[in-house]
Amino acid sequence: MENTNFIVTFLNWLLSFDKKALILGASAIGAGFAMIAGIGPGIGQGYAAGKGAEATSVNPKGSKHSTMIMLLGAGIAETSGILSLVIALILLFGNPLIKQDGDGLIIAVSAISAGIAMIAGIGPGIGQGYAAGKGCEAASINPDGSRPSTLVMLLGSAVAQTSGIFSLVIALILMYANPLVTGHQATIVVAASTLGAGIAMIAGIGPGVGQGYAAGKGTEATGRRPKYQSNIIKTMILGQAVAQTTGIYALVISLVLMFANPLVKLL
């Protein structure tokens with residue numbers, strides 16, 4: 001009973017604020033949450049840089065090529081950070097939620113959830129950095145196989161970004177087309193569902209890391225045995241598709257919470 005009273009008191013306290021002030025405050029929190037995704041690219045790029053330095057010591061004559069692969073892979077690993085930055089900038093400078101009609105509390109929660117959804121970018125950032133590091137390693141061990149191994153690195157890294165794209169889609173829906181904002185009376189359930197839609201997308205961290213690991217190992221294997229590139233790619237893509245399963249589950253639950261929420265109908 002005391003917990004219930006606390007929740008009611010907290011909600012009443014939030015609703016005591018002006019609607020616009022509430023949304024602006026929540027947008028600031030959402031922007032902060034979005035930038036947590038920067039953890040992933042930071043770790044991934046650091047790994048790639050370390051492997052690039054190691055590759056230079058193994059094969060000094062090929063250092064220029066290893067550095068190029070390192071920069072290419074690190075650039076791809078930056079994608080999640082850039083996507084999160086875009087969401088944060090929209091929340092700060094072009095926030096569509098401010099002028100949106102509907103319940104102020106739910107709109108505010110949409111801003112926070114959009115930022116939370118982008119946290120999934122941690123996974124792709126780490127995974128793509130790992131693949132970049134393995135690309136540098138492969139180039140130093142077998143310079144003749146660097147071209148096919150780089151191709152595998154790029155392909156695998158692109159697939160590893162899937163979770164980040166899912167999160168971006170959910171964040172954009174929450175900001176521009178959240179169906180829960182209007183037309184409901186059960187504010188607590190709808191606000192919690194909106195928050196849940198963002199939280200669910202954090203699951204994308206796992207697939208992002210896993211798919212990046214597969215991309216890295218595929219790159220490494222191609223560097224050693226370039227003539228088996230085609231078979232290696234098939235195995236890598238198949239494994240990455242399986243690794244994406246939980247990310248798809250999270251996407252489905254997030255969409256159900258927003259567009260076909262069974263909990264709202266129970267009230």
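**Which helix does Phe 10 lie in?** Phe 10 lies in helix H1, and this predicted model is toured below in a handful of close-ups.

**Figure 1. The whole fold, before zooming in.** Here's the overall picture: the protein has 14 helices and zero strands. Read along the sequence, the pattern is simply α-α-α-α-α-α-α-α-α-α-α-α-α-α. Taken along the principal axes, the C-alpha atoms fill a box of roughly 65 × 35 × 30 Å. Of the 267 residues, 50% count as buried. Take the contacts between residues at least 6 apart in sequence, and 91% of them turn out to join residues at least 24 apart. The protein exposes about 12,400 Å², with carbon and sulfur atoms supplying 70% of that area.

**Figure 2. A nonpolar patch on the surface, with helix H1 as the main contributor.** The patch is formed by Phe 6, Ile 7, Phe 10, Trp 13, Phe 17 and Ile 188. Together these side chains bring about 640 Å² of accessible area to the surface. Helix H1 (residues 2-15) gives the most to the patch, with four residues. Back to the residue we opened with: Phe 10 sits in helix H1. Is Phe 10 buried, exposed or partly exposed? Phe 10 counts as partly exposed, because its relative accessibility is 40%, and the partly exposed class runs between 20% and 50%.

**Figure 3. Helices H11 and H12, packed side against side in opposite directions.** Two packed helices are described by the angle between their axes and the distance between the axes. For helix H11 (residues 205-224) and helix H12 (residues 229-243), the axes come within 9 Å and cross at roughly 170 degrees. That crossing angle makes H11 roughly antiparallel to H12, since anything over 145 degrees counts as such. On the H11 side, the contact is made by Pro 207, Gln 211, Ala 214, Ala 215, Gly 218, Ala 221 and Thr 222. H12 answers with Gln 229, Ile 232, Met 236, Gln 240 and Ala 243.

**Figure 4. Glu 220 of helix H11, with a salt bridge to Lys 217 and another to Arg 224.** Start with Lys 217: its closest N and O atoms with Glu 220 are 3.1 Å apart. Glu 220 and Lys 217 are three residues apart in helix H11, so about one helical turn separates them. Then there's Arg 224, whose side chain meets that of Glu 220 in a salt bridge of 3.2 Å, N to O. Arg 224 and Glu 220 are four residues apart in helix H11, so again about one helical turn lies between them. How do the three partners sit relative to the surface? Glu 220 is buried because its relative accessible area is 11%, while Lys 217, at 34%, is partly exposed. Arg 224 is exposed, with a relative accessible area of 54%. Zoom out a little and salt bridges that share partners join Lys 51, Glu 54, Lys 134, Glu 137, Lys 217, Glu 220 and Arg 224 into one network. The count for the protein comes to six salt bridges.

**Figure 5. Another piece of that network, in helix H7.** The side chains of Glu 137 and Lys 134 meet in a salt bridge, 3.2 Å from N to O. Both residues lie in helix H7 (residues 122-141), three residues apart, or about one turn of the helix. Are these two buried or exposed? Glu 137 is buried, and so is Lys 134.

**Figure 6. Gln 128, tucked away in helix H7.** Gln 128 has its place in helix H7. With a relative accessible area of 1%, Gln 128 is buried. Leaving out residues up to four places away in sequence, Gln 128 touches Gly 73, Ile 76, Ala 77, Ser 157, Ala 160, Gln 161 and Gly 212.

**Figure 7. Gly 135, also found in helix H7.** Gly 135 counts as buried because its relative accessibility is 2%, and the cut-off is under 20%. Which residues does Gly 135 touch, not counting those up to four places away in sequence? The list is Ile 69, Met 153 and Thr 219. Gly 135 and Thr 150 are 15 residues apart in sequence, yet their C-alpha atoms are 6.1 Å apart in space.

Key: Residues numbered from 1 in each chain as written. Predicted model: local features only at pLDDT ≥ 70, side-chain atom pairs only at ≥ 80, totals over all residues. Heavy atoms only, no water. Patch = residues over 30% accessible without salt bridge, like charges linked within 9 Å, V, L, I, M, F, W, Y side chains within 5 Å. Areas by Shrake-Rupley, 256 points an atom, 1.4 Å probe, with all protein chains shown as cover. Salt bridge = Lys/Arg side-chain N within 4 Å of Asp/Glu carboxyl O. Helix = DSSP H or I, 4+ residues; strand = E, 2+ residues; numbered from the N terminus. Buried < 20%, exposed > 50% of the residue type's maximum accessible area, 1.4 Å probe, protein only. Axes fitted to C-alpha atoms, helices over the stretch in contact; angles between N-to-C directions. Parallel < 35°, antiparallel > 145°, perpendicular 65-115°, else oblique. Contact = heavy atoms within 4.5 Å.
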